[in-house]
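Subject: Structure handover

Dear colleague,

Here is the structure I promised to pass on to you. Please have the sequence open beside it as you read my notes.

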Amino acid sequence: MTDDGNTKTLSVKLFTALSILVFCPCISVKAADYKDYIGYSLLQSELGATMPDGSGVGVAQSEATSNGAWMPDITDTLFSGKTINNQSSAPADTYSSHATSVGKLFYGNNSIAPGINTIDSYSADHWLLSGFLNVGSTSQPLSSSARIANHSWIGTFNTAITNADALRRLDWVVETDEFIQVVGMANSVSTNPQPLLGSAFNAIAVGRTNGSAGQNTADLDTTYTSGRAAPNIVVPYGTTSASTPVVASAVALLVETGHNNSSLSNDPVKTSTTNRNNDIVYNAERSEVIKAALMAGADRYTTNDTGDNITDYGVGTANQTDNGLDFRYGAGQLNVYNSYHIIAAGEQNSQEDDASGTGDIDWNGFDYDPLFGGLNGSNSTASYYLTADGSHSSLRASLVWNIDIDGGTAADFDNDALLYDLDLLLFEYDTLTSNWQLLSSSHSRIDNTENLWLSLESGNDYMLQVA
């Protein structure tokens, strides 16, 4: 782990401009097709009555103001039985069609997480400023009872320093409170991407399966640089406004699964944490684990009936990222079926963390390591072993960690950022030399995910290692 040499940015005291852009005035919601494409229908047919639906998971929705409105229409029948809390000062009788359409996909009664029933609704500018992040203030961001927030908008402040401070605050909230932020990229590729909020490290950035959505990150300072892989994942919808809440809804299913099954989390040192809202968050529902499960479970080749498909993943060096992704598609198209089974298989500890074990892992699963890096007696490598067989001929692995934001105190927020440098490597055992030979690796120096996707030879032994 190395310090990137970043220095503290100047304290921002005054803002003169904030631009929030809404992607489209309205979204056409197709209730059935997308559920088939993202593996939801398959999972539902398998689990039946035990299918998670987001029950008990509090969420938030921030929306750009359009014609003075930003609230979803609380009278819509698809929101029946739900409590939508107005967290910003907007007219109670004015609703946004955009917010309503996004809400239907996020927590509506025909969404993939219809069990969500408590929603905090914000205008995006209020959420950025005094409503939550406190950009422009010396205070820390506020805390929330929500575990997931959806942001189907893009925007920018008028200075790079202010944008960087906003992103640091967002990343600190994810890191500190396990408050997962799902953010949309722009609807089209731009050489000057809007920094908010797709340039955050710890958020889940969402694009479109057709590959035409925003790519890349904004160049703000020595840590929040351009060239990082974004989006992280894509969805087969025509706009990122619609794609983003589908991912947020999928996150709710995974969070519910991890929270309601505490036995899935079994790290020998720490199986849970408590956030500022005094909520217990188990390892299986942490922000890094959920993001990794989404990325490892995603499809890099798709057969959607819409015609928007991934057929050329990683083709062309310009599309290839150093952390094993494609600039256009991130890790690929959301597959709820795969990601659910990664979480449901439970935590599987490395050889270094489990003295009584061998480090052998199943074909689905995750590991959260609360002490890593070689300092204070912690391990500097994590090793996992598997043997390929006729039923398992490929490996999908994603390593995710959060950028560390200092945070300071409640009254004096410190946005110092420390980006750790981790690598993901795969070794194959060579029976002729009786040695492990490096087969593949992912080693970006500017990202906070590493990813491997490759075919394996049946009968061969492999070691997956984090270093």
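The notes below go through the cores, one loop residue and the cavity search.

This is a predicted model, in which local features need pLDDT of at least 70 and side-chain atom pairs count only at pLDDT 80 or more, while totals for chains, interfaces and linings use all residues. Residues are numbered from 1 along each chain as its sequence is written, and side-chain values use heavy atoms, with hydrogens and water left out.

A nonpolar core here is a set of buried Ala, Val, Leu, Ile, Met, Phe, Trp, Tyr and Cys residues joined through side-chain atoms within 4.5 Å, where buried means under 20% relative accessible area with a 1.4 Å probe and protein chains only. The largest such core has 63 residues, and Ile148, Val247, Val251, Leu294 and Leu334 have the most contacts inside it. Helix 6 (helices being DSSP runs of H or I, at least four residues, and strands runs of E, at least two, numbered from the N terminus) gives the largest share of this core, 10 residues. A second, separate core of 55 residues includes Ala64, Leu197, Leu399 and Ile405.

Phe372 is found in the loop between helix 8 and strand 12 (382-387), and Phe372 counts as buried because its relative accessibility is 17%. Phe372 and Val466 are 94 residues apart in sequence, with their C-alpha atoms 9.8 Å apart in space.

Finally, the residues lining the largest cavity divide into six nonpolar, six polar and three charged, where Ala, Val, Leu, Ile, Met, Phe, Trp, Tyr, Cys and Pro count as nonpolar, Asp, Glu, Lys and Arg as charged, and the others, Gly among them, as polar. A cavity is a set of points on a 1 Å grid over the protein atoms alone where a 1.4 Å probe fits but cannot get out, and lining residues have an atom within 4 Å of a point.

With best wishes

Methods. Buried < 20%, exposed > 50% of the residue type's maximum accessible area, 1.4 Å probe, protein only.
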